[in-house]
Amino acid sequence: MKYLLIFLVVLVIFIISVTLGAHNDQIVTFNYLLAQGEFRISTLLACLFGAGFLLGWAICGLFWLRIRVSLAHAQRKLKRMQAQNEQSAAVNSTSTAVRRD
């Protein structure tokens with residue numbers, strides 16, 4: 001259900017952008033860092049929106065990856081500490097049993 005809702009939102013955004021792009025065919029001059037070019041405003045907006053979208057996903061992906069690596073490290077550390085705790089408990093119970101005898 002979640003993916004269907006996301007798909008519908010993306011579809012609505014796409015339809016709106018196509019509609020706006022069909023009515024905005026004016027030519028604009030775009031000055032970027034090294035040069036300048038003349039583009040249709042709809043093409044320019046679509047390219048910049050796409051670049052921003054991809055950049056946002058890349059940044060979020062890097063944060064997600066960092067969190068996943070941190071989680072995996074913490075889980076390994078937890079398992080190691082649990083094994084040490086069980087080993088210490090076994091040694092303590094054995095030494096307590098030996099003292100009683």
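This tour proceeds from the whole chain to its annotated spans and then to individual side chains.

**The whole chain**

Begin with the entire protein chain, bearing in mind that the model is predicted. Colour the chain by secondary structure: 2 helices and 2 strands should appear. Read from the N terminus, these elements follow the order α-β-β-α. The radius of gyration of the protein chain is 29 Å, well over the 13 Å that the globule rule gives for 101 residues, so the chain is more spread out than a compact globule. Aligning the view to the principal axes gives a C-alpha trace that spans about 95 × 40 × 5 Å.

Next, display the surface of the protein chain. Its accessible area comes to about 9400 Å², and carbon and sulfur atoms account for 69% of this. Of the 101 residues, 3% are buried. Selecting the charged side chains picks out 10 positive and 4 negative ones, with the centres of the two sets 13 Å apart.

**The annotated spans**

Select residues 24–85. An unreviewed UniProt entry annotates this span as "domain: Lipopolysaccharide assembly protein A". Within residues 24–85 the chain is 73% helix and 16% strand. A distance drawn between the end C-alpha atoms of this span reads 68 Å.

Then narrow the selection to residues 41–67, which the unreviewed UniProt entry annotates as "transmembrane region". What is the helix content of residues 41–67? The span is 100% helix and 0% strand, and its end C-alpha atoms lie 39 Å apart.

**From helix H1 to Ser-42**

Move to helix H1, which comprises residues 2–23, and select Thr-19 within this helix. The side chain to examine here counts as partly exposed, as Thr-19 has a relative accessibility of 40%. Now add Ser-42 to the selection. Thr-19 and Ser-42 are separated by 23 residues in sequence, while their C-alpha atoms are 9.9 Å apart in space.

**The aromatic rings**

Show the side chains of the aromatic residues; the ring pairs number 4. Which arrangement, stacked or edge-to-face, do the rings of Phe-49 and Phe-53 adopt? Their centres are 6.3 Å apart and their planes meet at 25°, which is under the 30 degrees required, so the pair is stacked.

Both residues belong to helix H2 (residues 41–100); because Phe-49 and Phe-53 are 4 residues apart there, about one helical turn separates them. Phe-49 is exposed, with a relative accessible area of 53%. Phe-53, by contrast, is partly exposed at 45%, since a residue must be over 50% to count as exposed.

Phe-53 also takes part in an aromatic pair with Trp-57, so keep Phe-53 selected and add Trp-57. This pair is edge-to-face, with 6.2 Å from centre to centre and 65° between the planes. The spacing in helix H2 is again 4 residues, so Phe-53 and Trp-57 are about one helical turn apart. Trp-57 itself counts as exposed, at 56% relative accessibility.

For the last stop, select Phe-30, Tyr-32 and Phe-39. These three residues are linked into a cluster by ring pairs.

Notes:
Residues numbered from 1 in each chain as written. Predicted model: local features only at pLDDT ≥ 70, side-chain atom pairs only at ≥ 80, totals over all residues. Heavy atoms only, no water. Rg over C-alpha atoms; globule rule 2.2 N^0.38 Å. Buried < 20%, exposed > 50% of the residue type's maximum accessible area, 1.4 Å probe, protein only. Areas by Shrake-Rupley, 256 points an atom, 1.4 Å probe, with all protein chains shown as cover. Lys, Arg positive; Asp, Glu negative; His and termini not counted. Charge placed at Lys NZ, Arg CZ, Asp CG, Glu CD. UniProt positions renumbered as here; feature names shortened; annotations may be inferred. Phe/Tyr/Trp six-rings, centres within 6.5 Å; stacked < 30°, edge-to-face > 60°.
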